[in-house]
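Colleague: Before we discuss this model, could you show it to me, and then justify the terms you use for it one by one?

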Amino acid sequence: MGDPPAKTAIVTGANAGIGREVAQGLVARGWRVILACRDTRAAGRAAEDIAREAPGGAVEVGPALDLADNGSVRNFVKGIGDRPVHLLVNNAAVNFVPKWHTEDGVAGMVQVNYLGPYLLTRLLAPSLRACAPSRVVHVSSVMHRLTHMPRPAAFLSTWSPSCYANTKLANILFANEFHRREGPLGVHSCAVDPGGVRTRIYAGSIYARPPLSWAVDLLFAPPSDGAQAVLHAATCDWPPTIGRDSLEHGPGTRSERRELLQILRKGQSPVGQSGSRRGSASNGFSFYARGLFASPLVTRWGGGGEGWQGAAWGAVYALVLALHAAMDYPIRRMSGGRWGGGTRAVPAAPQAGDARLALELWNSSAEIVGLPRHS
Ligand SMILES: NC(=O)c1ccc[n+]([C@@H]2O[C@H](COP(=O)([O-])OP(=O)(O)OC[C@H]3O[C@@H](n4cnc5c(N)ncnc54)[C@H](OP(=O)(O)O)[C@@H]3O)[C@@H](O)[C@H]2O)c1
């Protein structure tokens with residue numbers, strides 16, 4: 001008998017930055033990877049590089065995917081057709097770009113970072129279900145902790161200074177709601193913070209100009225390092241296997257994992273008859289972070305809040321965050337990866353777990369892209 005066919009992954013924004021390294025890492029692990037990019041020529045060059053670095057690896061350029069345009073997202077999914085999809089990595093995003101709105105009145109950055117990926121994921125859900133157990137990884141950011149999401153209608157249409165942070169919070173709200181709906185069908189959805197990574201995403205901002213650009217070059221991780229957290233989220237065990245290692249590193253918080261392990265040790269199914277998960281591990285949704293971005297000072301506090309107290313608290317928290325961001329990669333590098341190398345499931349910001357907000361956002365998004373609320 002020959003080897004089983006490689007599992008298929010789609011990685012958005014895989015021609016550059018973190019996405020390119022995630023694609024490379026998946027190919028090296030034996031996955032067949034489809035590069036989902038708006039510029040197929042740039043994707044072709046990335047595919048050639050990846051094939052050179054992993055001879056015999058399975059990498060190909062998918063149909064053009066421009067997340068700014070819902071028509072392009074639909075065409076991409078049509079182009080994928082009935083091919084298997086075991087993993088979708090929603091990685092592509094923008095920051096520091098000029099303001100524009102779609103014909104539907106959606107702020108351009110919200111369209112690219114959140115609504116385009118929402119439509120893509122929902123259209124690919126049947127393929128993911130057919131390949132269950134399968135997974136969707138949403139690349140979020142620590143910035144989601146620094147904001148307080150307004151009501152969905154305002155979020156979707158407004159280009160505010162918190163726009164990028166709001167889109168990264170929306171990624172987690174969507175991931176959580178998608179996991180709640182699709183998890184019982186075997187499609188696990190999670191979100192991940194790749195840490196501070198020196199990529200083109202900072203182009204056009206003050207971080208691309210001295211002296212801040214020197215700090216970014218010196219202190220932020222290269223894309224190959226940032227990709228490690230995403231690769232962990234994409235490939236770690238789900239559901240967790242029983243054992244000490246799964247208690248330390250599996251999805252969910254430590255107490256959720258302990259509870260889930262107890263259920264499994266008793267020989268019971270973690271999935272109840274209604275399809276929901278038992279116990280507080282009922283959702284099993286995971287948010288992953290690495291190194292100092294997983295430190296309790298970052299994950300147990302929150303920066304978002306309303307009014308002047310929220311703003312003052314946010315300023316203190318932003319300072320704590322900046323210090324952590326500045327030390328994360330240097331510590332990992334200087335210790336040869338011994339410190340700060342591991343990726344862990346950590347709590348996301350409290351608002352990311354707001355089920356009502358997640359549902360409202362899901363429904364408003366469905367209306368704009370013209371999909372039913374349930375599918
Ligand atoms: N870098 C960091 O410090 C950091 C920190 C936290 C989270 N993140 C997250 O990590 C992810 C990857 O970012 P990165 O730092 O690797 O940025 P990057 O180097 O700028 O790469 C972004 C990718 O997204 C693609 N993209 C942009 N607009 C698109 C569109 N309309 N349709 C389809 N693809 C589009 C880009 O394609 P083009 O080449 O065609 O522009 C590129 O491939 C993002 O989700 C970001 O929010 C990054």
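**Terms and the values behind them**

Modeller: Arg151 has a relative accessible area of 49% and is partly exposed.

Colleague: Why is Arg151 called partly exposed?

Modeller: A residue counts as buried under 20% relative accessible area, as exposed over 50% and as partly exposed in between, with a 1.4 Å probe and protein chains only. The 49% of Arg151 falls in the middle class, so Arg151 is partly exposed. As for the origin of such values, this is a predicted model, in which local features need pLDDT of at least 70 and side-chain atom pairs count only at pLDDT 80 or more, while totals for chains, interfaces and linings use all residues. Residues are numbered from 1 along each chain as its sequence is written, and side-chain values use heavy atoms, with hydrogens and water left out.

Colleague: What makes the contact between Arg151 and Glu360 a salt bridge?

Modeller: The term requires a side-chain nitrogen of Lys or Arg within 4 Å of a carboxyl oxygen of Asp or Glu. Between the side chains of Arg151 and Glu360 the N to O distance is 2.8 Å, so the pair meets that criterion. Arg151 sits in the loop between strand E5 (134-139) and helix H5 (152-157), and Glu360 in helix H13 (residues 355-369), so this salt bridge ties together parts that are 209 residues apart in sequence. Helices (H or I, at least four residues) and strands (E, at least two) are DSSP runs, numbered from the N terminus.

Colleague: How do you know that Arg20 and Glu21 form a salt bridge, and are these residues buried or partly exposed?

Modeller: Their closest N and O atoms are 3.7 Å apart, which lies within the cut-off, so the pair counts as a salt bridge. Arg20, at 11% relative accessibility, is buried, whereas Glu21, at 22%, is partly exposed.

Colleague: How far apart are Glu177 and Arg181 in helix H6?

Modeller: They are 4 residues apart in H6 (residues 163-182), or about one helical turn. Their side chains meet in a salt bridge at 2.7 Å, N to O, and both Glu177 and Arg181 are buried. The structure holds 12 salt bridges, and Asp225, Arg290, Asp328 and Arg332 are linked in a network of them.

Colleague: What makes you say that strand E7 is largely enclosed?

Modeller: Of the 5 residues of E7 (residues 286-290), 5 are buried, so the strand is largely enclosed by the rest of the structure. Both faces are covered, with Ser286, Tyr288 and Arg290 buried on one side, and Phe287 and Ala289 on the other.

Colleague: How do you know which strands pair with E7?

Modeller: Two strands pair if DSSP finds at least two bridges between them. Strand E6 (residues 187-192) is joined to E7 by 3 bridges and runs parallel to it, with Val192 the bridge partner of Tyr288. Strand E8 (residues 343-345) is also joined to E7 by 3 bridges, but antiparallel, and there Ala289 stands opposite Arg344.

Colleague: What makes the approach of Arg200 to the ligand a polar contact?

Modeller: A polar contact is a pair of N or O atoms within 3.5 Å; within protein, one must be able to donate a hydrogen and the other to accept it, and residues adjacent in sequence count only if both atoms are side-chain atoms. A side-chain N or O atom of Arg200 is 2.6 Å from a ligand oxygen, so the pair qualifies. Lys168 also makes such a contact through its side chain, at 2.9 Å from a ligand oxygen, and Ile201 does so with a backbone N or O atom at 3.3 Å.
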